[in-house]
Structures are given as structure tokens and as C-alpha cells.
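Open the model in your viewer and keep the sequence panel beside it. Each stop below gives a selection and what is there.

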Amino acid sequence: MATNFSIPQLSEKISLQVDLLYVPNKFFALLEEKGDYGSTTTYETMFDLAYIKLPVQLRYTYPRGRLRPYLNAGLVVGHAIKDENQVSRYLSSEYKKDRPSTYPAIPGNGRSDGFRNFTEGLTAGAGLMCHPYQKGTLSLEARLELNNGMSHITGISSTVSTLYIMLGFGF
């Protein structure tokens, strides 16, 4: 869901673009360490996350014509509404396989969880808007977001870069 506010006092080409986005993410990783005497330790890491994001951007639109290219840039904040993250550790050898031990992928320090529920970052994009109908608009946009990630533990870098391809219909 998005809204665009024109700022005619400033310029007919400049507007404020505000979006409300639901962004689900799933990540899986597998790591195996070979040990002594044929033993193997396997780590299965899983992140199942969902965010509500609010990008607020200034938009420059070429004001004339049926096709109108535009550029936007601004800030984005996000709040995690789903946070499932875990590591399952398996130790196996040629003779036996232990039951997995499971623990959080982003552990806390005993006083607080290490997962960052609130993210902030920068976003920029370019797109093309057209007016195929008298009262409607279609738009196609490529947007890049860089944010501070999901961990606020010092020493764990979790900066996230996301490329969005967005298709919109306005009325």
C-alpha cells in the first residue's frame, strides 16, 4: 500500500512517497565440520522472519508525457512481526548419530534477546509510471534497501541489502 503527496510549493516534480510493506524472509544454511576419527558436526540454521516496513522517500518525477520516469530516495524503518531463528546441531560418526541440540541462531546475553526487532536504513529506486486509463496509473520500479540487519550483538554483522521489483496500480 502506498500514497504519494505532491509538494506544489516546492516543485511540481517533487513529491513525498510513503509505502507500507509486508516483507517475509526465509533463510536456510547448512555447515558441516569434519572432525577426528570420521566424526561430522552438522549445523542447520533457519531464519523465518516477517517485517512491516515503512519507507518514506522524496520522489522526483518527470512531469510531462504519457510515460513518466521517476527517482526516489529516503529512509526506511521496519518492525519484525515474526522471528523464528534457530540452529540445530547434529554430531555423527560412522557408529552413531546424536539427537540434535537446538538453540537460537541469534542468542541473547542473558538479559536480552540478541535479535533486533526494529530496523532502520536507506532506500533508493527508479521507476516508470504510465497512465493507460483516464483515472488509473501503472508503475514499475526497482528499489534497493540497505538496513542495519537483524542482530544488535557487537561482532555479528547482519546488514541486509534487498532489491525489490515493484509493480503498482494507482487510482
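**Stop 1: strand 5 and its partners**

Select strand 5 and strand 7 (residues 118-130): 13 bridges join them, and they run antiparallel. This is a predicted model, so residues count for local features at pLDDT of at least 70 and side-chain atom pairs only at pLDDT 80 or more, while totals for chains, interfaces and linings use all residues. Numbering starts from 1 along each chain as its sequence is written, and side-chain values use heavy atoms, with hydrogens and water left out.

Two terms recur here. Strands (E, at least two residues) and helices (H or I, at least four) are DSSP runs, numbered from the N terminus. Two strands pair if DSSP finds at least two bridges between them.

Now pick Val-77; Glu-120 in strand 7 stands opposite. Next, add strand 6 (residues 101-103). Three bridges join strand 6 to strand 5, again antiparallel. Here Val-87 faces Tyr-103.

**Stop 2: strand 4 against strand 5**

Select strand 4 and strand 5. They run antiparallel, with 22 bridges between them. Glu-44 stands opposite Ser-88 in strand 5. Go to the hairpin of these two strands, which has five residues between them. Gly-65 takes a positive phi there, near 95°.

Return to strand 5 and select Tyr-90. Is Tyr-90 buried or exposed? Tyr-90 is buried, with a relative accessible area of 19%; buried means under 20%, exposed over 50%, and partly exposed in between (1.4 Å probe, protein chains only). Measure from Tyr-90 to Glu-44, C-alpha to C-alpha: they are 8.4 Å apart in space and 46 residues apart in sequence.

For contrast, select Tyr-37, in the loop between strand 3 (21-34) and strand 4. Tyr-37 counts as exposed, at 79% relative accessibility. Its phi is positive, near 55°, in a residue other than glycine.

**Stop 3: strands 1, 2 and 4**

Select strand 1 (residues 2-7) and strand 2 (residues 11-19). Six bridges join this antiparallel pair. Three residues form the hairpin connection from strand 1 to strand 2. Asn-4 stands opposite Gln-17 in strand 2.

Add strand 4 (residues 40-61). Strand 2 and strand 4 run antiparallel, joined by five bridges. Leu-16 has Leu-58 in strand 4 as its bridge partner.

**Stop 4: the largest pocket**

Which residues lie nearest the centre of the largest pocket? Select Asn-4, Gln-17, Arg-59, Thr-137 and Ser-139, which do so among its 34 lining residues. On a 1 Å grid over the protein atoms alone, a pocket is an open set of points where a 1.4 Å probe fits, with protein on both sides within 12 Å along at least five of seven lines; lining residues have an atom within 4 Å of a point.

The pocket holds about 820 Å³ of space, taken as the space filled by probe spheres set on the grid points, which are joined across faces, edges and corners. Strand 2 gives the largest share of the lining, six residues. Strand 8 (137-147) and strand 9 (160-170) are among the strands that each supply at least two.

**Stop 5: charges over rings**

Show the side chains of Arg-59 and Tyr-70. The charged end of Arg-59 sits over the ring of Tyr-70, 3.7 Å from its centre. The test is NZ of Lys or CZ of Arg within 6 Å of the ring centre and within 35 degrees of the ring normal. Finish at Lys-53, whose charged end sits over the ring of Tyr-51, 5.5 Å from its centre.
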